[in-house]
Amino acid sequence: MAAMASTAFTASSLSSTKLFDSSSTFHGTPMSSPCLRLQTTKSSASNNISISASASPPYDLNSVKFEPIKESIVSREMTRRYMTDMITYADTDVVVVGAGSAGLSCAYELSKNPSVQVAIIEQSVSPGGGAWLGGQLFSAMVVRKPAHHFLNELGVEYDEQEDYVVIKHAALFTSTIMSKLLARPNVKLFNAVAVEDLIVKDGRVGGVVTNWALVSMNHDTQSCMDPNVMEAKVVVSSCGHDGPFGATGVKRLKSIGMIDSVPGMKALDMNTAEDAIVRLTREIVPGMIVTGMEVAEIDGAPRMGPTFGAMMISGQKAAHVALKSLGLPNAIDGTYVGGIHPELILAAADSAEIAEA
């Protein structure tokens, strides 16, 4: 879900944060090289073949027998862990609504700080939004510079052109960022879960109202299926555009009178759109930040079509706006220093509180 901000970032104030400066420490991890190019050679291909051919499973494929297990154990393992996650994230630091390219980029940037607990809510079973493919169901993903620096950090290979890069299949970006993000101990993805409403107290967004996505889609067929809640210090809305779940954050803010209008995005203009989406990524009402294509919906900015650089950088910027709201080092006010590796640090959940609950 998303919301409208009272003021927009200016181009000059944005550039002063040096979000686009490749020499800055914005990404938080040093880049090993200025770019990664996709260079398939005959020798490397043959090496890959020989490696895979020489490897064999540590068991006999003709006589595999699994260790015995009780069906109830499988059920208990899934249930216990999921319920523990629900208890842990019932009151969290940041809720990211929507796991498309902007939402995933935001959560990834936030997760670098191990003290920040991040819950991602995605109504679909499969997170990723429109980032599994390029435009018109084509495979390749076009990313305009300077967003290739983010790909360098993730280790996603690409074919470099003068002003843009091309990933041979969009799924490489989406699967890579998800695998790195979801492995971190301070992140939980709740997919197949919908955000039905916002928690609002004293004019500030304080969390989200959730339900199973299938329940949300069938309220008219049943008598009463009440939701659940998740409190958060900051909510980041990255619900995208169009569709039944598109821009649901800003639409809800309008319906409850916290913003005046949601004009919808204008016709396509890539050069105007991507700059505008990053520039206008902001805290739109107290406690709620809007990022990605939902920005275009609330500001009437042009749509950008099948180019994804703004989604990545808008997500990163939203993360640093959230960090600023939390009073933590961030790139917006220049206090961010980078170098945080949460995968090396244990989860900060209070185990005693979880056990008691």
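**Exercise 1.** In this predicted model, work out how helix 9 and helix 11 are oriented relative to each other.

*Solution.*
- Start with the axes: helix 9 (residues 270-279) and helix 11 (residues 309-325) come within 8 Å and cross at roughly 10°.
- Now use the cut-off: angles under 35 degrees count as roughly parallel.
- So helix 9 and helix 11 are roughly parallel to each other.
- Next, find who touches whom. Helix 9 brings Glu274, Ile277, Val278 and Arg279, while helix 11 brings Gly309, Ala310, Met311, Ile313, Ser314 and Lys317.
- Sort that contact by class and you get 5 nonpolar, 2 polar and 3 charged residues.

**Exercise 2.** Take the salt bridge between Glu77 and Arg80 and decide whether each partner is buried, partly exposed or exposed.

*Solution.*
- Check the pair: the closest N and O atoms of Glu77 and Arg80 are 3.0 Å apart.
- Place it: both residues sit in helix 3 (residues 71-88), 3 residues apart, or about one turn of the helix.
- Recall that buried means under 20% relative accessible area and exposed over 50%.
- Glu77 has 33%, so Glu77 is partly exposed. Arg80 has 46%, so Arg80 is partly exposed too.

**Exercise 3.** Find out which parts of the chain the salt bridge of Arg252 and Asp197 ties together.

*Solution.*
- The two side chains meet at 2.7 Å, N to O.
- Arg252 belongs to helix 8 (residues 248-255) and Asp197 to strand 7 (residues 193-201), so the pair links parts that are 55 residues apart in sequence.
- Arg252 is partly exposed at 28% relative accessible area, and Asp197 is partly exposed at 22%.

Definitions and conventions. Residues numbered from 1 in each chain as written. Predicted model: local features only at pLDDT ≥ 70, side-chain atom pairs only at ≥ 80, totals over all residues. Heavy atoms only, no water. Axes fitted to C-alpha atoms, helices over the stretch in contact; angles between N-to-C directions. Helix = DSSP H or I, 4+ residues; strand = E, 2+ residues; numbered from the N terminus. Parallel < 35°, antiparallel > 145°, perpendicular 65-115°, else oblique. Contact = heavy atoms within 4.5 Å. Nonpolar A, V, L, I, M, F, W, Y, C, P; charged D, E, K, R; others polar. Salt bridge = Lys/Arg side-chain N within 4 Å of Asp/Glu carboxyl O. Buried < 20%, exposed > 50% of the residue type's maximum accessible area, 1.4 Å probe, protein only.
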